[in-house]
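This report goes through one protein model, from its rings to its strands and its cysteines. Keep the sequence and the 3D view open while reading.

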Amino acid sequence: MTVHPSLQTYADAWTHSIEAISELVMPLVEGEWNRATPCPAWSVRDIVSHIIGMECEQLGDPRPIHTLPRDLYHVQSEFARYMEMQVDVRRHHTAPEMTSELEYTLIRRARQLRNETRAPETMVRAPLGAEQTLELALRMRAFDVWVHEQDLRWALNRPGNLDSPGAYVTRDILLHALPKVVAKDAGAPPNSAVVFDIHGPVEFLRTVRVDAEGHGTIDGAPSLGPLATIALDWETYVRLACGRVRPHAVADRVKTEGDQELAAAILREFAVTP
(Lines give C-alpha, C1' and ligand atoms only; values in the text may rest on other atoms or scores of the structure.)
Protein backbone atom coordinates (compact mmCIF):
# COMPACT_ATOMS: atom_id res chain seq x y z
CA MET A 1 0.00 0.00 0.00
CA THR A 2 1.15 3.55 -0.73
CA VAL A 3 0.80 6.22 1.96
CA HIS A 4 -1.64 8.36 -0.06
CA PRO A 5 -5.03 6.82 -1.00
CA SER A 6 -5.27 8.98 -4.14
CA LEU A 7 -2.24 7.16 -5.55
CA GLN A 8 -3.49 3.68 -4.66
CA THR A 9 -6.13 3.57 -7.42
CA TYR A 10 -3.47 4.15 -10.07
CA ALA A 11 -0.96 1.79 -8.43
CA ASP A 12 -3.59 -0.96 -8.34
CA ALA A 13 -4.61 -0.40 -11.98
CA TRP A 14 -0.95 -0.38 -13.08
CA THR A 15 -0.26 -3.60 -11.16
CA HIS A 16 -3.25 -5.39 -12.68
CA SER A 17 -2.30 -4.48 -16.26
CA ILE A 18 1.45 -4.99 -15.90
CA GLU A 19 0.94 -8.46 -14.42
CA ALA A 20 -1.44 -9.30 -17.27
CA ILE A 21 1.18 -8.17 -19.80
CA SER A 22 3.83 -10.30 -18.10
CA GLU A 23 1.49 -13.30 -18.21
CA LEU A 24 0.75 -12.69 -21.91
CA VAL A 25 4.36 -12.49 -23.09
CA MET A 26 6.17 -14.99 -20.84
CA PRO A 27 5.19 -18.07 -22.93
CA LEU A 28 5.73 -16.45 -26.36
CA VAL A 29 8.15 -18.10 -28.78
CA GLU A 30 10.69 -16.00 -30.67
CA GLY A 31 8.57 -15.40 -33.79
CA GLU A 32 5.57 -14.16 -31.82
CA TRP A 33 7.60 -11.23 -30.51
CA ASN A 34 7.69 -9.84 -34.05
CA ARG A 35 3.92 -9.79 -34.53
CA ALA A 36 2.46 -6.47 -35.62
CA THR A 37 0.22 -4.66 -33.13
CA PRO A 38 -2.41 -1.92 -33.60
CA CYS A 39 0.16 0.54 -32.22
CA PRO A 40 1.50 2.10 -35.44
CA ALA A 41 4.85 0.57 -36.53
CA TRP A 42 5.39 -1.31 -33.25
CA SER A 43 5.64 -5.07 -32.79
CA VAL A 44 4.94 -7.06 -29.63
CA ARG A 45 8.66 -6.73 -28.76
CA ASP A 46 8.52 -2.96 -29.35
CA ILE A 47 5.58 -2.46 -27.00
CA VAL A 48 7.23 -4.49 -24.23
CA SER A 49 10.47 -2.54 -24.81
CA HIS A 50 8.54 0.72 -24.49
CA ILE A 51 6.95 -0.41 -21.23
CA ILE A 52 10.30 -1.51 -19.79
CA GLY A 53 11.89 1.79 -20.84
CA MET A 54 9.16 3.98 -19.37
CA GLU A 55 9.16 2.10 -16.06
CA CYS A 56 12.96 2.38 -15.89
CA GLU A 57 12.61 6.15 -16.31
CA GLN A 58 10.13 6.25 -13.42
CA LEU A 59 12.76 4.41 -11.39
CA GLY A 60 15.27 7.15 -12.23
CA ASP A 61 17.51 5.03 -14.44
CA PRO A 62 19.58 6.94 -17.02
CA ARG A 63 18.29 6.90 -20.58
CA PRO A 64 20.24 4.76 -23.05
CA ILE A 65 22.89 6.40 -25.19
CA HIS A 66 21.76 5.29 -28.61
CA THR A 67 21.54 6.65 -32.15
CA LEU A 68 18.30 5.93 -34.00
CA PRO A 69 18.49 4.59 -37.57
CA ARG A 70 17.52 7.13 -40.21
CA ASP A 71 14.95 4.88 -41.87
CA LEU A 72 12.37 4.87 -39.04
CA TYR A 73 9.77 6.74 -41.06
CA HIS A 74 7.11 6.54 -38.34
CA VAL A 75 9.28 8.78 -36.14
CA GLN A 76 8.03 12.21 -37.15
CA SER A 77 8.32 14.32 -34.00
CA GLU A 78 10.60 14.99 -31.06
CA PHE A 79 8.16 13.17 -28.77
CA ALA A 80 8.16 10.11 -31.07
CA ARG A 81 11.97 10.22 -31.23
CA TYR A 82 12.13 10.30 -27.43
CA MET A 83 9.79 7.30 -27.14
CA GLU A 84 11.52 5.34 -29.90
CA MET A 85 14.93 5.40 -28.17
CA GLN A 86 13.93 2.89 -25.47
CA VAL A 87 12.30 0.72 -28.15
CA ASP A 88 15.02 0.66 -30.78
CA VAL A 89 17.79 -0.10 -28.29
CA ARG A 90 16.03 -3.44 -27.57
CA ARG A 91 15.00 -4.33 -31.15
CA HIS A 92 17.45 -7.25 -31.40
CA HIS A 93 16.94 -8.63 -27.91
CA THR A 94 15.92 -12.28 -27.70
CA ALA A 95 12.72 -13.54 -26.05
CA PRO A 96 14.55 -14.62 -22.85
CA GLU A 97 16.30 -11.24 -22.65
CA MET A 98 12.96 -9.44 -23.00
CA THR A 99 11.09 -11.50 -20.41
CA SER A 100 13.91 -11.39 -17.85
CA GLU A 101 14.31 -7.61 -18.17
CA LEU A 102 10.54 -7.14 -17.93
CA GLU A 103 10.36 -9.32 -14.83
CA TYR A 104 13.29 -7.55 -13.15
CA THR A 105 11.85 -4.09 -13.96
CA LEU A 106 8.43 -5.05 -12.59
CA ILE A 107 9.94 -6.30 -9.33
CA ARG A 108 11.81 -3.01 -8.90
CA ARG A 109 8.78 -0.87 -9.76
CA ALA A 110 6.40 -2.84 -7.53
CA ARG A 111 8.82 -2.38 -4.63
CA GLN A 112 9.06 1.35 -5.39
CA LEU A 113 5.27 1.70 -5.36
CA ARG A 114 4.89 -0.32 -2.16
CA ASN A 115 7.38 1.95 -0.39
CA GLU A 116 6.11 5.23 -1.92
CA THR A 117 5.96 7.96 0.74
CA ARG A 118 6.06 11.07 -1.47
CA ALA A 119 3.03 13.36 -1.64
CA PRO A 120 0.86 13.16 -4.79
CA GLU A 121 1.88 16.69 -5.78
CA THR A 122 5.63 15.91 -5.69
CA MET A 123 7.22 16.80 -9.03
CA VAL A 124 8.85 13.87 -10.83
CA ARG A 125 10.48 13.16 -14.18
CA ALA A 126 8.36 13.33 -17.35
CA PRO A 127 9.24 12.73 -21.02
CA LEU A 128 11.47 15.22 -22.89
CA GLY A 129 13.06 16.50 -19.68
CA ALA A 130 9.77 17.94 -18.38
CA GLU A 131 8.28 17.44 -14.93
CA GLN A 132 4.86 16.28 -13.75
CA THR A 133 3.22 15.53 -10.43
CA LEU A 134 3.66 12.04 -9.00
CA GLU A 135 -0.13 11.57 -9.17
CA LEU A 136 -0.22 12.45 -12.87
CA ALA A 137 2.79 10.21 -13.55
CA LEU A 138 1.08 7.21 -11.94
CA ARG A 139 -2.22 7.97 -13.68
CA MET A 140 -0.49 8.11 -17.06
CA ARG A 141 1.45 4.89 -16.40
CA ALA A 142 -1.83 3.11 -15.48
CA PHE A 143 -3.38 4.45 -18.70
CA ASP A 144 -0.38 3.59 -20.87
CA VAL A 145 0.04 0.00 -19.69
CA TRP A 146 -3.69 -0.78 -19.98
CA VAL A 147 -3.85 0.53 -23.57
CA HIS A 148 -0.70 -1.42 -24.46
CA GLU A 149 -2.10 -4.52 -22.76
CA GLN A 150 -5.03 -4.23 -25.19
CA ASP A 151 -2.60 -3.77 -28.11
CA LEU A 152 -0.86 -7.00 -27.13
CA ARG A 153 -4.14 -8.86 -26.63
CA TRP A 154 -5.29 -7.83 -30.10
CA ALA A 155 -1.98 -8.87 -31.70
CA LEU A 156 -1.93 -12.22 -29.89
CA ASN A 157 -5.68 -12.89 -30.24
CA ARG A 158 -6.11 -13.05 -26.46
CA PRO A 159 -9.01 -10.64 -25.69
CA GLY A 160 -9.79 -9.72 -22.10
CA ASN A 161 -9.62 -7.17 -19.27
CA LEU A 162 -11.74 -4.60 -21.13
CA ASP A 163 -13.35 -3.75 -17.78
CA SER A 164 -10.29 -4.06 -15.50
CA PRO A 165 -9.21 -1.20 -13.18
CA GLY A 166 -7.03 0.29 -15.94
CA ALA A 167 -10.07 0.53 -18.21
CA TYR A 168 -11.73 3.01 -15.85
CA VAL A 169 -8.57 5.12 -15.55
CA THR A 170 -8.47 5.13 -19.36
CA ARG A 171 -12.15 6.08 -19.60
CA ASP A 172 -11.63 9.14 -17.40
CA ILE A 173 -8.53 10.29 -19.29
CA LEU A 174 -10.20 9.92 -22.70
CA LEU A 175 -13.40 11.66 -21.53
CA HIS A 176 -11.34 14.59 -20.26
CA ALA A 177 -10.13 15.13 -23.84
CA LEU A 178 -13.60 14.92 -25.42
CA PRO A 179 -14.73 18.57 -25.04
CA LYS A 180 -11.68 19.77 -27.03
CA VAL A 181 -12.32 17.16 -29.73
CA VAL A 182 -15.93 18.30 -30.16
CA ALA A 183 -15.69 22.06 -29.63
CA LYS A 184 -12.26 22.95 -31.02
CA ASP A 185 -11.01 20.16 -33.29
CA ALA A 186 -14.33 19.22 -34.92
CA GLY A 187 -15.73 22.76 -34.72
CA ALA A 188 -19.15 22.05 -33.21
CA PRO A 189 -21.21 25.26 -33.36
CA PRO A 190 -21.87 27.42 -30.25
CA ASN A 191 -24.89 26.50 -28.08
CA SER A 192 -24.93 22.90 -29.29
CA ALA A 193 -24.68 19.48 -27.63
CA VAL A 194 -23.31 16.12 -28.75
CA VAL A 195 -24.21 12.88 -26.95
CA PHE A 196 -21.89 9.86 -26.70
CA ASP A 197 -23.57 6.57 -25.89
CA ILE A 198 -21.02 3.85 -25.08
CA HIS A 199 -21.98 0.22 -24.50
CA GLY A 200 -20.09 -2.97 -23.73
CA PRO A 201 -17.87 -3.97 -20.77
CA VAL A 202 -17.59 -0.27 -19.77
CA GLU A 203 -20.85 1.64 -20.28
CA PHE A 204 -21.55 5.36 -20.02
CA LEU A 205 -23.57 8.20 -21.50
CA ARG A 206 -21.92 11.63 -21.72
CA THR A 207 -22.97 14.95 -23.23
CA VAL A 208 -20.47 17.49 -24.53
CA ARG A 209 -22.01 20.96 -24.47
CA VAL A 210 -20.56 23.88 -26.42
CA ASP A 211 -21.37 27.30 -24.93
CA ALA A 212 -21.93 30.64 -26.68
CA GLU A 213 -18.15 31.30 -26.70
CA GLY A 214 -17.39 27.92 -28.29
CA HIS A 215 -15.98 26.29 -25.13
CA GLY A 216 -16.82 22.65 -24.48
CA THR A 217 -17.76 20.98 -21.21
CA ILE A 218 -18.82 17.42 -20.43
CA ASP A 219 -21.39 15.95 -18.05
CA GLY A 220 -23.48 12.85 -17.50
CA ALA A 221 -26.90 14.47 -18.03
CA PRO A 222 -28.68 13.60 -21.29
CA SER A 223 -29.40 16.39 -23.77
CA LEU A 224 -33.01 16.93 -24.86
CA GLY A 225 -32.04 18.08 -28.34
CA PRO A 226 -28.47 17.05 -29.25
CA LEU A 227 -27.11 18.17 -32.58
CA ALA A 228 -25.57 14.72 -32.98
CA THR A 229 -25.52 11.39 -31.14
CA ILE A 230 -22.66 8.92 -31.54
CA ALA A 231 -23.14 5.37 -30.26
CA LEU A 232 -20.37 2.75 -30.24
CA ASP A 233 -18.94 -0.05 -28.15
CA TRP A 234 -16.21 0.54 -25.55
CA GLU A 235 -13.46 -1.34 -27.39
CA THR A 236 -14.07 0.65 -30.58
CA TYR A 237 -14.13 3.88 -28.57
CA VAL A 238 -10.69 3.07 -27.13
CA ARG A 239 -9.22 2.03 -30.47
CA LEU A 240 -10.45 5.23 -32.15
CA ALA A 241 -9.45 7.56 -29.30
CA CYS A 242 -5.98 5.99 -29.05
CA GLY A 243 -5.36 6.20 -32.80
CA ARG A 244 -5.36 2.43 -33.36
CA VAL A 245 -7.95 2.53 -36.18
CA ARG A 246 -9.41 5.12 -38.53
CA PRO A 247 -13.19 5.70 -38.54
CA HIS A 248 -13.77 4.10 -41.95
CA ALA A 249 -12.29 0.81 -40.67
CA VAL A 250 -14.90 0.53 -37.90
CA ALA A 251 -17.85 2.23 -39.62
CA ASP A 252 -20.01 -0.87 -39.04
CA ARG A 253 -19.48 -0.53 -35.26
CA VAL A 254 -20.42 3.15 -34.98
CA LYS A 255 -23.98 4.50 -35.19
CA THR A 256 -24.56 8.23 -35.68
CA GLU A 257 -27.78 10.26 -35.55
CA GLY A 258 -28.47 13.92 -36.25
CA ASP A 259 -25.89 16.16 -37.97
CA GLN A 260 -23.91 13.62 -40.02
CA GLU A 261 -21.29 16.16 -41.09
CA LEU A 262 -20.50 17.08 -37.50
CA ALA A 263 -20.47 13.41 -36.40
CA ALA A 264 -18.01 12.60 -39.21
CA ALA A 265 -15.78 15.55 -38.22
CA ILE A 266 -15.77 14.39 -34.56
CA LEU A 267 -14.82 10.84 -35.55
CA ARG A 268 -12.05 12.19 -37.82
CA GLU A 269 -10.58 14.12 -34.87
CA PHE A 270 -11.25 11.38 -32.29
CA ALA A 271 -7.63 10.25 -31.78
CA VAL A 272 -6.21 12.08 -28.75
CA THR A 273 -2.99 10.16 -27.99
CA PRO A 274 0.28 11.15 -29.69
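Which residue lies over the face of W14? R109 does, at 5.4 Å from the ring centre. The model in which this is seen is a predicted one. A second case of this kind involves R63, whose charged end sits over the ring of Y82, 3.6 Å from the centre of that ring.

**Aromatic pairs**

A pair of aromatic rings is described by the distance of the centres and the angle of the planes. Searching the whole structure gives six aromatic pairs. Two of them are set out below.

| Pair | Centre to centre | Angle between planes | Arrangement |
|---|---|---|---|
| F196 and F270 | 6.2 Å | 35° | tilted |
| Y237 and F270 | 5.1 Å | 85° | edge-to-face |

F196 belongs to strand 3 (residues 192-199), while F270 is in the segment after helix 8 (260-268), so their pair ties together parts that are 74 residues apart in sequence. Y237 lies in helix 7 (residues 234-241), and its pair with F270 therefore joins parts that are 33 residues apart in sequence.

Are these rings buried or exposed? F196 is buried, at 0% relative accessibility. Y237 is buried at 1%, and F270 is buried with a relative accessible area of 2%.

Ring pairs also link a wider cluster, made up of W146, F196, F204, W234, Y237 and F270. W234 has contacts beyond its neighbours within four places in sequence, among them W146 and F204. The other residues in contact with W234 include L162, A167, T170, R171, I198, H199, P201 and V202.

**The nonpolar core**

In soluble globular proteins, nonpolar side chains tend to be buried together. In this model the largest nonpolar core has 74 residues. Those with the most contacts inside the core are V25, F196, W234, Y237, I266 and F270. Which helix gives the most residues to this core? Helix 5 (residues 134-156) does, with 11 residues.

**Strands around strand 6**

Strand 6 (residues 228-233) has six of its six residues buried. In a regular strand the side chains alternate between the two faces of the sheet. In strand 6 both faces are covered: one side holds A228, I230 and L232, the other holds T229, A231 and D233, and all of these are buried.

Strand 6 pairs with strand 3 in the parallel sense, over six bridges. Within that pairing, F196 has I230 of strand 6 as its bridge partner. Strand 6 also pairs with strand 7 (residues 254-258), in the antiparallel sense and over five bridges. There, the bridge partner of I230 is T256. I230 thus has one bridge partner in F196 and another in T256.

**Helix 3 and strand 1**

Helix 3 (residues 78-88) has these buried residues: Y82, M83, E84, M85, Q86, V87 and D88. Y82 is also the residue whose ring has R63 over it. Helix 2 (44-58) is included in what covers the buried residues of helix 3.

R63 appears again in the surroundings of R125, a residue of strand 1 (residues 123-125). Not counting residues up to four places away in sequence, R125 touches E57, Q58, G60, D61, R63, A130 and Q132. R125 and G60 are 65 residues apart in sequence, yet their C-alpha atoms are 7.9 Å apart in space. R125 counts as partly exposed, at 30% relative accessibility.

**Cysteines**

A disulfide is a covalent bond between the sulfur atoms of two cysteines. How many disulfides does the model contain, when two sulfur atoms must lie within 2.5 Å? The count comes to zero. Why is C39 without such a bond? The closest cysteine sulfur to that of C39 is in C242, and because the distance is 9.3 Å, it is too far for a bond. C56 is in no disulfide either, and its nearest cysteine sulfur, that of C39, is 18 Å away. C39 is buried, with a relative accessible area of 8%, and C56 also counts as buried, at 10% relative accessibility.

Conventions. Residues are numbered from 1 along each chain as its sequence is written. This is a predicted model: local features need pLDDT of at least 70, side-chain atom pairs count only at pLDDT 80 or more; totals for chains, interfaces and linings use all residues. Side-chain values use heavy atoms; hydrogens and water are left out. A disulfide is a pair of cysteine sulfur atoms within 2.5 Å. Buried means under 20% relative accessible area, exposed over 50%, partly exposed in between (1.4 Å probe, protein chains only). Rings of Phe, Tyr and Trp (its six-membered ring) pair if their centres lie within 6.5 Å; planes under 30 degrees apart count as stacked, over 60 as edge-to-face and the rest as tilted. Helices (H or I, at least four residues) and strands (E, at least two) are DSSP runs, numbered from the N terminus. A charge sits over a ring if NZ of Lys or CZ of Arg is within 6 Å of the ring centre and within 35 degrees of the ring normal. Two strands pair if DSSP finds at least two bridges between them. A nonpolar core is a set of buried Ala, Val, Leu, Ile, Met, Phe, Trp, Tyr and Cys residues joined through side-chain atoms within 4.5 Å. Contact means heavy atoms within 4.5 Å.
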